[in-house]
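Me: I am new to this structure and would be grateful for a close look at its interior. Please explain which residues meet there and how the helices take part.

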Amino acid sequence: MARNKRRSASLIPTLIIFTVLLALGETPQGRLISLILASDQKSSGLLSDGIDVSDSTSVLRLPRASIWASAEETCEETYGFLPCTTTVLGNLFLSIAYGFLMYKAATYLSAGSEMLLEIMGPGIVGGLFLPILGALPDAMLILVSGISGSKETAQSQVLIGMGLLAGSTVMLVTVLWGSCVVVGKCDISDEGGNVKTIDAQDTKGFDLFGSGVSVDLQTSHAAKIMGISIIPFILVQMPKIFHSSSIQNLFVLLSLILSVSLVISYCLYQVFQPWVQKRRLAYVKHKHIISGILSHAQGQGLVTLLDANGEPHRSSIEKLFNKIDLNGNGAISRNELRAFIIGITLEELDLNSDEALDDAVNKLMFDFDRSGDNQIQLEEFTQGICKWLLEAKRAVRSHHSGPEFINEFHAKNREERKSLLAEGSDEVVESVENPGMMITKAVLLLILGTAMAAVFADPLVDAVDNFSVATSIPSFFISFVALPLATNSSEAVSALIFASRKKQRTSSLTFSEIYGGVTMNNTLCLAVFLALVYLRGLTWDFTSEVLVILLVCVIMAVFTSFKTTFHLWTCFIAYALYPLSLILVYVLDFVFGWS
């Protein structure tokens, strides 16, 4: 219920923005002074009083003289009613407004996709629909950048699509990748030549060589797949490399076919090897165990985990520790932890077998035992409980100071876990309450997100193009920097939240999804762009832009495919690649005249 309220509340700013845009699009009524002169007044230069039989209009206008106005004084309203302007500030406002609506579209698509994943598992939904839906806003913007208008207009506006394609890919694998390293850094140990991070231990601060992140081997496989996905870019550039423009259309078609084939192959790989989705679902199950313990301790009156201000009550947490520590030796062993979990109603935690109980004990020990001595000390227990109490507040976004948000957190995770019991199954899980209602909500969110992306992609492209004309800034650079913020912000925030948990498991999930996003950009979004170029007969003249994508993807793919631990200093390499990409395009296009 709380999640439904939050989603309803999140619609409010969207509706406000849309209403403002409609208001701006209304034709104003009134009489203004104009310098439009009748034919018999041109010689005298007299100012019209608005009554002129030769001009049937009742609206009189003065020419607008503004330092913010562009040289072009006309614009075309998108769909005939959405507002347009020729001024810098006006187009900046429209770009921000339409960009926000595209951001909301991406958020609704993400929320709907995750709801389907919770109900139907990681099979076809997780492997096929989720990657495509994640790339849908980018693909929609690329499509509308060159689908309308004359061929000359499309050739000009398609630079916006290329800017988005390059900017989204580069941002994900540079700025976001580096930020996840900083946020998720832990202490690095080098025992026996095995370099790896210590989960949840971050005592070395910003030690460039003593801290960093570790991922599993499967994540490096995802980086290799990302490297393979750049092959269509290489293929489409072959005529340029060999200076044979006569076969350019043929290679555009071949690259299009190859891109579509790679999209299908990648989705099938995700369907039959759904390890990324299973990793996410495993973490959901772990959250359910933790929330069950918190809810039981609070609800049964064992202790009061929160003080009057809603903050973790450390003395009460210590009392809970002493209740679990049966022998009173100041440390919780596996057997004591197991006994405590058995004392909780099994139905409450859904632990219906010894195997599930052992798995829960292992997960809790792994989560709390930072020293690795197979026991949980008081300080480790206190820090772990405090961390999960804060996680519970953040997950439900509650302002309650009492146990309500703990119960709400557990109820949410219990629902998620029940919906994920049939891992790998594409059938609806019967234990989910009102699965039909959840599916309906998910479908409605997907329809809303898709509709918003389809409707507002075109006006966003027009606003960016008009802003480019008004400021004389090339549209590629504007779309490279600004548009990825609209289409990838929700995924970026989610990635940073996962990385902040400072675990190898969550870091692996974070970087896997980054590599997956880049792979979809290099295949699905490129396929849409190539289809535009081929079907509209546009000129392929994007050598510098493609070179930037190739360089960044090759460097990061080679760098991440053969390592599982990344020191903190590596984030500076990723960060540096972003401005260098913009500088390289500028130098190649405007200094050497490649474009």
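Reply: The following account treats the nonpolar cores, and then the helices. The model is a predicted one.

The largest nonpolar core has 105 residues, and within it W177, F511 and W540 touch the most other members. Helix α4, which covers residues 151-183, supplies the largest share of this core, with 15 residues. F511 deserves a closer view: its neighbours within four places in sequence set aside, F511 is in contact with W177, C180, V181, V213, V215 and T219. There is also a second, separate core of 20 residues, and L337, L357, A360 and V361 are among its members.

Attention may now turn to a pair of helices. Helix α17 (residues 475-499) packs against helix α20 (residues 570-591) at an angle of about 170°, and their axes lie 11 Å apart. Because angles over 145 degrees count as roughly antiparallel, α17 is roughly antiparallel to α20. On the α17 side, the contact is formed by F476, F477, F480 and V481; on the α20 side, by Y578, S581, L582, V585, Y586 and F590. Nine of the residues in this contact are nonpolar, one is polar and none is charged.

Helix α8 (residues 248-272) completes the picture. At 1.5 Å a residue, its 25 residues should span 36 Å, and the end C-alpha atoms are 36 Å apart, so the two values agree. The buried residues of α8 include F251, V252, L256, L262, V263, Y266, C267 and V271. Q248, S255, S259 and Q270 in α8 are buried as well.

How values were computed:
Residues numbered from 1 in each chain as written. Predicted model: local features only at pLDDT ≥ 70, side-chain atom pairs only at ≥ 80, totals over all residues. Heavy atoms only, no water. Axes fitted to C-alpha atoms, helices over the stretch in contact; angles between N-to-C directions. Helix = DSSP H or I, 4+ residues; strand = E, 2+ residues; numbered from the N terminus. Parallel < 35°, antiparallel > 145°, perpendicular 65-115°, else oblique. Contact = heavy atoms within 4.5 Å. Nonpolar A, V, L, I, M, F, W, Y, C, P; charged D, E, K, R; others polar. Core = buried A, V, L, I, M, F, W, Y, C linked by side-chain atoms within 4.5 Å. Buried < 20%, exposed > 50% of the residue type's maximum accessible area, 1.4 Å probe, protein only. Expected span 1.5 Å × (residues − 1).
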